[in-house]
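This report describes the fold, the cysteines and several individual residues of one protein chain. Please consult the sequence and the structure shown here while reading.

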Amino acid sequence: NCCLGSVNLAQHVADNQRVDWEKLQESVEVATRFLDNVVTANEYVPAVPQLEKAAHRVRRIGLGIMGLGDLMYALRVRYGTPEGQELAAQVMEFVRFHAMRSSILLARERGPFPAIKGSIYDPGDLKWRSPKPLTPYEHDWGRPALDWDEIVEGIREHGIRNGAQCTIAPTGTLATVTGCEGYGCEPVFALAYVRHVNDEGGDLKLQYASPLFEHALIEAGLDEATRQRIVEQVNLTGSCQDIEEVPPDIRHVFVVSGDITAEEHVRMQAAMQAFVDNS
């Protein structure tokens, strides 16, 4: 009984290679309200009336992200590193905070979710505790301060409109349609590849190369012939790690999923899961 939405982080990068926190807050606030409206407006399957009943009792929504890999390329942060884990955590904490803040405002306007009594959000017996990062923050990405006490007091006064607020979906099709390189919270899977399309029985080959990667190569002063040669080599594996013509600082940042250790994958997910109340 999903009611999901994803904020495109690739569209929340300011000109000076920083997170546009003001725009991200606005997107989260609008998306939270939109998803709550979907719970009401949705045409549930008539054959399973329990779906509609469950949706309206808890008003569960799942606001998440896509394009995290794009954001990290833009900010020149390597996915999987402790710095990358912290950036991901700071972003998800910001999304969760403003989703909850918006849900409390909705509760003040429209009332809390009907099943709130006896839940962890019961204002009379509040068991919910504000989430904490797995490790203390050490980097400053210009993020505005978050006052979790405001959320606690808001729930005690008004309740909360949605029994769950955040999830991170795979966004495979969504990310492709919107031009994201990184699906959901995952790293980019390849910097360049050839897509094969069945064109009336023929094999139509479509060359793809990461625009962010190409832009980084241009910024580094590599000429067109060199860039083309690099793309042809990246096509073979999707990775630029073994290509000496790629400057070391670009190789460090532009990792793909196969370049990242299993532990780094898990630690990235854990850093974000601390601020996600759905799976």
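## Ser 6 and strand β1

Which residues does Ser 6 touch, not counting residues up to four places away in sequence? In this predicted model, the residues in contact with Ser 6 are Leu 63, Gly 64, Ile 65, Met 66 and Thr 171. Ser 6 itself lies in strand β1, which covers residues 4–8.

The relative accessible area of Ser 6 is 24%, and the residue is classed as partly exposed. Ser 6 is separated from Gln 269 by 263 residues in sequence, while the two C-alpha atoms are 16 Å apart in space.

## Overall architecture

The protein chain contains 10 helices and 6 strands. Its C-alpha trace extends over about 65 × 50 × 30 Å along the principal axes. Of the 279 residues in the chain, 48% are buried. Among contacts with a separation of 6 or more, 74% join residues 24 or more positions apart.

The chain exposes about 14400 Å² of surface, and carbon and sulfur atoms contribute 51% of that area. There are 26 positive and 40 negative charges, and the mean positions of the two sets lie 10 Å apart.

## Cysteines

How many disulfides does the model contain? The count is 0. Cys 2 takes part in no disulfide, and the nearest cysteine sulfur, that of Cys 3, lies 8.8 Å away. A disulfide requires two cysteine sulfur atoms within 2.5 Å. Cys 2 is exposed, with 67% relative accessible area.

For Cys 185, the closest cysteine sulfur belongs to Cys 166 and is 13 Å away, which is too far for a bond. Cys 185 is buried, at a relative accessible area of 15%.

## Helix α5

Helix α5 spans residues 148–158, and its buried residues are Trp 148, Ile 151, Val 152, Gly 154 and Ile 155. Why do these buried residues line one face of the helix? Viewed down the axis of α5, they fall within an arc of 165°, so they occupy one face. An α-helix has 3.6 residues a turn, so residues three or four places apart point the same way.

The other side of α5 carries Asp 149 and Glu 157, both of which are exposed. The cover over the buried residues of α5 includes α4, residues 82–110.

## Thr 171 and Glu 200

Thr 171 is located in the loop between α5 and α6, the latter covering residues 172–178. Is Thr 171 buried or exposed? Thr 171 counts as buried because its relative accessibility is 7%, and the cut-off for burial is under 20%. Leaving aside residues up to four places away in sequence, Thr 171 touches Ser 6, Ile 65, Met 66, Tyr 183 and Gly 184. Ile 65 and Met 66 also appear among the residues touched by Ser 6.

The backbone of Thr 171 has a positive phi of about 50°, although the residue is not a glycine. Glu 200 likewise is not a glycine and has a positive phi, of about 55°. Glu 200 is found in the loop between β5 (192–199) and β6 (202–209). With a relative accessible area of 83%, Glu 200 is exposed, whereas Thr 171 is buried.

## The segment after α10

Val 276 belongs to the segment that follows α10, a helix of residues 262–273. This residue is buried, with 8% relative accessible area.

What does Val 276 touch, not counting residues up to four places away in sequence? The contacts of Val 276 are Met 92, Arg 96, Cys 166, Thr 167 and Ile 168. Cys 166 is also the residue whose sulfur is the closest cysteine sulfur to that of Cys 185. Val 276 and Arg 101 are 175 residues apart along the chain, and their C-alpha atoms are separated by 15 Å.

Key. Residues are numbered from 1 along each chain as its sequence is written. This is a predicted model: local features need pLDDT of at least 70, side-chain atom pairs count only at pLDDT 80 or more; totals for chains, interfaces and linings use all residues. Side-chain values use heavy atoms; hydrogens and water are left out. Helices (H or I, at least four residues) and strands (E, at least two) are DSSP runs, numbered from the N terminus. Buried means under 20% relative accessible area, exposed over 50%, partly exposed in between (1.4 Å probe, protein chains only). Contact means heavy atoms within 4.5 Å. Accessible areas come from the Shrake-Rupley method with a 1.4 Å probe; for residues, only the protein chains shown count as cover. Lys and Arg count as positive and Asp and Glu as negative; His and the chain ends are not counted. The place of a charge is taken as NZ of Lys, CZ of Arg, CG of Asp or CD of Glu. The arc is that of the directions from the helix axis to the C-beta atoms.
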